[in-house]
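Subject: Structure handover and notes

Hello,

Here is the structure I said I would pass on. My notes on it follow below.

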Amino acid sequence: MAIEILYEKDVDPSVIQGKKVAIIGYGSQGHAHAQNLQDSGVDVRVGLREGSSSAEKAKEAGLKVVSMEQAAEEADVVMVLIPDEIQAKVYEEHIKDHLHAGDTLAFAHGFNIHYGYIKAPEGVNVIMVAPKGPGHIVRRQFVEGSGVPDLCCVQQDATGDAWDIALSYGWGLGGARAGLMKGTFAQETEEDLFGEQAVLCGGLVALVKTGFDTLVEAGYPAELAYFECYHEMKMIVDLMYEKGIHFMNYSISNTAEYGEYYAGPKVINEESKQAMQEILKRIQNGEFAKEFMDDCANGHKKLLEQREAMNDSLIETTGEKVRGMFSWLSK
């Protein structure tokens, strides 16, 4: 099923330019949304908790900084850009009572809406504008005159023009320069979590670490194993990103390409696919969301234990030493 993609010519900028927008949070995505929208002629205010260390950064960028309550009260569009695990609490304590009929509640990730941790009032639009890239890239590409594609979704259309608001908001971010894709909260949430877990973070990190461990356990120097399984990965991914798998294969040796076809299916095989299907099932039925939120409520016990173990692993201590040799990384 093909997805609908819209561009600048398809969007009305005046929709978002005629709104007062509150950005709740000023982290990776928050700073990019606030600054890009302001540069696009939108009336923006940043809502932060009292004593937030981000307040001065936002003020230095020329942004109006107020409490979360005031931001939500003033705004027609309230974009929530704080970590998933605290969104529901912040919504209940600082945002909910300041939403009015006709307002728009917005997100850049569907987790809390899709799994029911946040339930918006009936008279309020619920939309999503999710840039497909980290905040610093969203900001940098906007400044350079390009943009990062955005996924736009509408969960609740209370005013009849929620899609116009979502698409115009995406224009304000610079996303319409690259393409605004229309989707659903379920699609974004489930695909995003799956991509992170099975491929981009979980799968990739486990693949790199297992390859490294295999070489080291076979007696090869850790530094050389780091170069082969970790350092060179970026070069391969860059080639794929620029022009596709076929270009990467064109750029490597025949030996490497032949080995790809021979060894790839042995490492990532039917058993691997079955594991991915199980990961997707746990995302779809809410098991992962519950496990994650339970761990958050337990002080992130499992998360912190795993983080500490990874930070102390041989591949990370070796990498820190090897990267210290790279003069270009220190600049």
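A residue is called buried here when its relative accessible area is under 20%, and exposed when that area is over 50%, with partly exposed in between. Please keep in mind that the model is a predicted one.

Two buried polar side chains

Asn125 belongs to strand β7, which covers residues 125-131. Its relative accessibility is 0%, so Asn125 falls in the buried class. The side chain of Asn125 has a polar contact of 2.8 Å with the side chain of Thr159. Apart from residues up to four places away in sequence, Asn125 touches Gly102, Asp103, Thr104 and Leu105, as well as Gln156, Asp157, Ala158, Thr159, Asp161, Ala162 and Ile165. Thr159 is thus named twice, as a polar partner and in the list of touching residues.

His109 sits in a loop, the one that runs between β6 (104-107) and α6 (111-114). With a relative accessibility of 13%, His109 is also counted as buried, because the value is under 20%. Which side chain does His109 join in a polar contact of 3.0 Å? The partner is the side chain of Glu188. Residues up to four places away in sequence aside, His109 touches Glu188, Thr189, Asp192 and Leu193, and also Asp84 and Met128.

Helix pairs

Two pairs of helices are worth listing. The first is α10 (residues 185-200) with α11 (residues 202-217): their axes come within 3 Å and cross at roughly 10 degrees. Angles under 35 degrees count as roughly parallel, and α10 and α11 are therefore roughly parallel to each other. On the α10 side, the contact is made by Glu196, Gln197, Ala198, Val199 and Leu200, and on the α11 side by Gly202, Gly203 and Leu204. Sorted by class, the contact of α10 with α11 has 4 nonpolar, 3 polar and 1 charged residues.

The second pair is α12 (residues 222-231) with α13 (residues 233-243), whose axes are 6 Å apart and pack at an angle of about 20 degrees. That angle makes α12 roughly parallel to α13. Cys229, Tyr230 and His231 of α12 make the contact with Met233, Lys234 and Met235 of α13. By class, the contact of α12 with α13 has 4 nonpolar, 1 polar and 1 charged residues.

Cysteines

How many disulfides does a search of the whole structure find? The search finds 0. Cys152 is in no disulfide, and the nearest cysteine sulfur, that of Cys153, is 7.1 Å away. Cys152 is buried, with a relative accessible area of 0%. Cys229 is in no disulfide either, and the nearest cysteine sulfur there is that of Cys201, 19 Å away. Cys229 is also one of the residues of α12 in the contact with α13.

Individual positions

Gly25 is placed in the loop between β2 (20-24) and α2 (28-39). Its relative accessibility of 7% means that Gly25 counts as buried. Not counting residues up to four places away in sequence, Gly25 touches Gly30, Val46, Gly47, Leu48, Leu81 and Ile82. The C-alpha atoms of Gly25 and Ala72 are 12 Å from each other, with the two positions 47 residues apart along the chain.

Asp97 is in the loop between α5 (84-95) and β6. Is Asp97 buried or exposed? Asp97 is exposed, with a relative accessible area of 60%. The C-alpha atoms of Asp97 and Glu69, which are 28 residues apart along the chain, are separated by 8.5 Å.

Val267 lies in helix α15, residues 254-267. At 48% relative accessibility, Val267 counts as partly exposed. Leaving aside neighbours within four places in sequence, Val267 is in contact with Leu207 and Ser272. The C-alpha atoms of Val267 and Leu207 are separated by 8.9 Å, although the two residues are 60 apart along the chain.

His300 is located in the loop between α17 (287-297) and α18 (301-311). His300 is not a glycine, yet has a positive phi of about 60 degrees. At 23% relative accessibility, His300 counts as partly exposed.

Regards

Conventions:
Residues numbered from 1 in each chain as written. Predicted model: local features only at pLDDT ≥ 70, side-chain atom pairs only at ≥ 80, totals over all residues. Heavy atoms only, no water. Axes fitted to C-alpha atoms, helices over the stretch in contact; angles between N-to-C directions. Helix = DSSP H or I, 4+ residues; strand = E, 2+ residues; numbered from the N terminus. Parallel < 35°, antiparallel > 145°, perpendicular 65-115°, else oblique. Contact = heavy atoms within 4.5 Å. Nonpolar A, V, L, I, M, F, W, Y, C, P; charged D, E, K, R; others polar. Buried < 20%, exposed > 50% of the residue type's maximum accessible area, 1.4 Å probe, protein only. Polar contact = N/O pair within 3.5 Å; in protein donor to acceptor, adjacent residues only side chain to side chain. Disulfide = S-S within 2.5 Å.
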